[in-house]
Amino acid sequence: GAPQVGTMIIGTVKGDIHDIGKNLVAMMMEGAGFKVVNLGINNDAEKFLNAVKEHNPDIVGMSALLTTTMPYMEVVIKALKEAGLRDQVIVLVGGAPLNEAFAEEIEADAYCRDAATAVETVKKLMAIKRSKAAAN
């Protein structure tokens, strides 16, 4: 019954079929008042782009549990840039093999180690986004 505070697209990247952590983040985000569009597993860049165009989210969350699928997160971020959508969304990445350095390297806005961290991080980043929008 919480008021809707934003929209999030979340999915596991192409080549990866793990979704327990992603689903926990989705549930926690819903509990925090976000509308969550869960794309499921094995999502290519086009699926993320189409979801962003369709739902106009505040946040795009990507998950990977395999070290072999981690680099695909950068493919999605580059696709968002090429489509002119990167500046409109907060990009979060998560998954066991990831870390802050990796998130920085691929130009994600934040790395979240667990679902609780994801909610805290999003609340902070949404507040910053709103204050910037208000200033403009």
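This is a short tour of two pockets, two nonpolar cores and one buried serine in a predicted model.

**Stop 1: the largest pocket**

Select Gly21, Lys22, Val25, Gly94 and Gly95. Among the 24 residues that line the largest pocket, these lie nearest its centre. The space in this pocket comes to about 330 Å³.

Now colour the elements around the pocket. Strand S1 (6-13), helix H1 (20-31), strand S3 (59-63), strand S4 (90-94) and helix H5 (115-135) each contribute at least two lining residues. Which element gives the most to this lining? That is H1, with five residues. Coloured by class, the lining shows 14 nonpolar, six polar and four charged residues.

**Stop 2: Ser63**

Stay with strand S3 and select Ser63, which is found there. Is Ser63 buried or exposed? Ser63 has a relative accessible area of 14%, and it counts as buried because that is under the 20% cut-off.

Next, show what surrounds Ser63. Leaving out residues up to four places away in sequence, Ser63 touches Gly11, Thr12, Val13, Lys22, Met73 and Gly94. Two of these names, Lys22 and Gly94, were also in the selection at the centre of the largest pocket.

**Stop 3: the largest nonpolar core**

In soluble globular proteins, nonpolar side chains tend to be buried together. To see the case here, select Phe48, Met62, Met73, Leu80, Val91, Val93 and Leu98. The largest nonpolar core has 29 residues, and these seven touch the most other members. At least two residues of this core come from each of S1, strand S2 (34-43), helix H2 (45-55), S3, helix H3 (72-82), S4 and helix H4 (100-105). H3 gives the most, with six residues.

Zoom in on Leu80. Setting aside its neighbours within four places in sequence, Leu80 is in contact with Leu49, Val52, Leu85, Arg86, Val89 and Val91. Another core, of 18 residues, lies apart from the largest one; Met8, Ile10, Ile90 and Ala110 are among its members.

**Stop 4: the second largest pocket**

Finish by selecting Arg86, Asp87, Gln88, Val89, Ile90, Asp109, Leu125, Ile128, Lys129 and Lys132, which line the second largest pocket. Its volume is about 220 Å³. H5 gives the most to this lining, with four residues. By class, the lining holds four nonpolar residues, one polar residue and five charged residues.

Some of these names have come up before: Arg86 and Val89 are contacts of Leu80, and Ile90 belongs to the core of 18 residues.

Key. Residues are numbered from 1 along each chain as its sequence is written. This is a predicted model: local features need pLDDT of at least 70, side-chain atom pairs count only at pLDDT 80 or more; totals for chains, interfaces and linings use all residues. Side-chain values use heavy atoms; hydrogens and water are left out. On a 1 Å grid over the protein atoms alone, a cavity is a set of points where a 1.4 Å probe fits but cannot get out, and a pocket is an open set with protein on both sides within 12 Å along at least five of seven lines; lining residues have an atom within 4 Å of a point. Grid points are joined across faces, edges and corners, and a volume is the space filled by probe spheres set on the points. Ala, Val, Leu, Ile, Met, Phe, Trp, Tyr, Cys and Pro count as nonpolar, Asp, Glu, Lys and Arg as charged, and the others, Gly among them, as polar. A nonpolar core is a set of buried Ala, Val, Leu, Ile, Met, Phe, Trp, Tyr and Cys residues joined through side-chain atoms within 4.5 Å. Buried means under 20% relative accessible area, exposed over 50%, partly exposed in between (1.4 Å probe, protein chains only). Contact means heavy atoms within 4.5 Å.
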